[in-house]
Structures are given as C-alpha cells and as structure tokens.
Amino acid sequence: QAKKQGRSTYRFYTDALTRAAGEHLELEIRLRHAIGANQLRVYYQPQVDIANGHIVGAEALVRWQDPERGLIQPVNFIQLAEETGLIGAIGEWVLRETCRQGAQWIAAGLPFLTLAVNLSPHQFMRGNIVELVSKVLTETGFPADRLELELTESALMAQEEDAVKMLHLLRAQDIRLAIDDFGTGYSSLAYLKRFPLDILKIDKSFVDDIPFHQDDMEIAATIIAMGHTLGFKVLAEGVETAEQLGFLQAKGCDLYQGYLTSPPLPAAEFEKLLRKK
Ligand code: C2E
Ligand code: MG
Ligand code: MG
Ligand code: MG
C-alpha cells in the first residue's frame, strides 16, 4: 500500500515538474516571438519635482501586449527574460523606443523631460552597454543629458571594479545614472561613495507604510539625508497618498513617482497629461 502510494506521489511530482518546465519553455518561445512581432510596449510614469509639483521626467516601463492573453506586466516575464538572456533584446528595444519617442516629444515642442530606462544586471554585465547607448542616441537624435539609466544595487555590486569604470564612461557621455530600489540590496556606504551616481531611488517598500510605521519613516528620512550627503538627488518610488508626499517633502526629498500623480501610461496618454499642464 505504502509502496503504491509512494509511486503515485512520485508520479504526481514528475508530472507537475514536466508541466512547469513545459509552461516555462512555452513562455520563452512566446516572448522570443513577441520581440520581433512588435508586441512590446513602453509605458511612461511621470516623475515629479516635489517642490513645485511639475512633471520633470518619466520612467519607461515595458509591457507585453499579447494578442491572446492581453497586457502582461513585467513581473510576469522580466525574470524569465533575465534568466534566458532575452532581456538583452528587450532592453535594447525599450532603450531605442524610449529615445525615439523622447526625440519626437522634443520635436513637438513638449516641455523638456528626462526619460529613465531600466538596465538589467545581465545587460549591464554582459552587454556592451556603453557602445549600445551611444549608438542609440546617435540614431534617434535624443540628447544624452536627457537620458537616465536605472541600475540596481545587485548589478553594481556583482562586478564592482568594472561597474565603476562603466559608470564613468556613461557619465562622460553626459548620461545620468540612478540607483533603483535603493535599500533592498546589499550595497554598503563605502561602495556607494565610489559610484558616480546622480539619483538615488528609495524603494517603494519604505514609502508604503508612511505614516504608520515609525521604522520605515526613519529609514526613508535617513536615506534622503545620506543621499544628499553623497551629493545625489533623492527620488521616492510608489507615492500613493498626500500624507506620504507631505512627509517626504518635509524631509527634503527631491522627486517622486507614484499613483498619487499617475500610474505608468501609454505614450499618447502621457503626452495628453503633459499638454494639460
Ligand atoms: P521599478 O523599476 O522599480 O519600477 C517601479 C514599479 O513600481 C513599476 O512597476 C511601477 O508601475 C510601480 N509603481 C509606481 N508607482 C506606484 C505606486 O504608487 N503604487 C504601486 N503599487 N506601484 C507603483 P512595473 O511597471 O510593473 O515594473 C516592475 C519592475 O519591472 C520594475 O521595477 C523594473 O524592475 C522591471 N522593469 C520594467 N520595465 C523594465 C525594462 O524595460 N527593463 C528592465 N530590465 N526591467 C524593467
Ligand atoms: Mg505593474
Ligand atoms: Mg526602475
Ligand atoms: Mg524601483
């Protein structure tokens, strides 16, 4: 009896594993196809100057418009893209599309904006990012000093020496650099001091519980003060309420993004929002 049950349990698990591997592979094939089939979209989330409420930029965030499954959020495909290396092609597409759109907005006489693009650790470490960026800027005519690249702590820490060199090369082209999801990784102050960064983005998890958790409020305030000491501007992510905004304002935070102003929008809707101002 026990033996029989053991066998069927084993059978159950192998079936489940085979099924999971199959779904994984199917998703990979569909995603590979999506890039060439023009199914990726860039959404733009406003970045706001805390002092005066003006939209001064936007973060470019990728979505996958699947003809059968609808709009797929990055949480459902970025990790797979990272593991399979597909993020190289996706990231390059997002960078080019964002710069193309940015150049078009400038030509249309819209207010001067900074556009921020996320770089994955894979792109940063394996790709030839310095050359790629300068090629895309030349192709699209988007000004280098309007482009911001967002890197995570893990990308910077993995190969610290190379990272510092690459950041200096990007900086030499006038590109701005931001550290994303700050506070969730393992970067130490000593390392942070060595990276030539412009912006530090406080992770949303420290903003969420303002004004209810004293700990998070102290962490957020400390990150703002530390960022300023290191000469960076500080941007808070995921601001949803007026209370959160008020607290961050009082602590001297420079910029914010969040649903309080707007979720990420398709290019045409973001443009409408800009024209309304
Ligand atoms: P991220 O770079 O930290 O982007 C911020 C995320 O927070 C976005 O999620 C945005 O929609 C969300 N968010 C902003 N404000 C609020 C708010 O007030 N409330 C809530 N609940 N959420 C808010 P999204 O667009 O789903 O992107 C998730 C992550 O996927 C990004 O986190 C980034 O790590 C990654 N990602 C997105 N696009 C790209 C890309 O083109 N390349 C790479 N490598 N990663 C990307
Ligand atoms: Mg999302
Ligand atoms: Mg980001
Ligand atoms: Mg973030």
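How many residues surround ligand 1, and which are the closest?

**View 1. The shell around ligand 1 in a predicted model.** The shell holds 23 residues (each with a heavy atom within 4 Å of the ligand), and the closest are Glu59, Arg63, Asp180, Glu240 and Tyr259. By class, nine are nonpolar, six polar and eight charged; Gly counts as polar, and Asp, Glu, Lys and Arg as charged. β2 (55–66), α3 (87–107) and β6 (176–182) each supply at least two shell residues. β2 gives the most, four. Helices (H or I, at least four residues) and strands (E, at least two) are DSSP runs, numbered from the N terminus.

**View 2. Polar contacts of ligand 1 (N or O pairs within 3.5 Å).** The side chain of Gln45 places an N or O atom 3.0 Å from a ligand nitrogen. A polar side-chain atom of Asn118 is 3.0 Å from a ligand oxygen. For the side chain of Glu237, the distance to a ligand oxygen is 3.2 Å. The protein covers 81% of the 800 Å² of accessible area that ligand 1 has on its own (Shrake-Rupley method, 1.4 Å probe).

**View 3. The magnesium ion (ligand 4) and its donors.** Asp180 (OD), Asp181 (OD) and Glu237 (OE, twice) coordinate this ion at 2.0 to 2.4 Å. Donors are N, O and S atoms within 2.8 Å of the metal (3.2 Å for Na, K and Ca); water is not among the atoms, so sites may look incomplete. Along the chain the donors follow the spacing D-D-x55-E. A magnesium ion (ligand 3) lies 4.1 Å from ligand 4, and Asp180 coordinates both.

**Notes.** Residues are numbered from 1 along each chain as its sequence is written, and chains are lettered from A and ligands numbered from 1 in the order in which they are written. In this predicted model local features need pLDDT of at least 70, side-chain atom pairs count only at pLDDT 80 or more, and totals for chains, interfaces and linings use all residues; side-chain values use heavy atoms, with hydrogens and water left out.

How values were computed: Polar contact = N/O pair within 3.5 Å; in protein donor to acceptor, adjacent residues only side chain to side chain.
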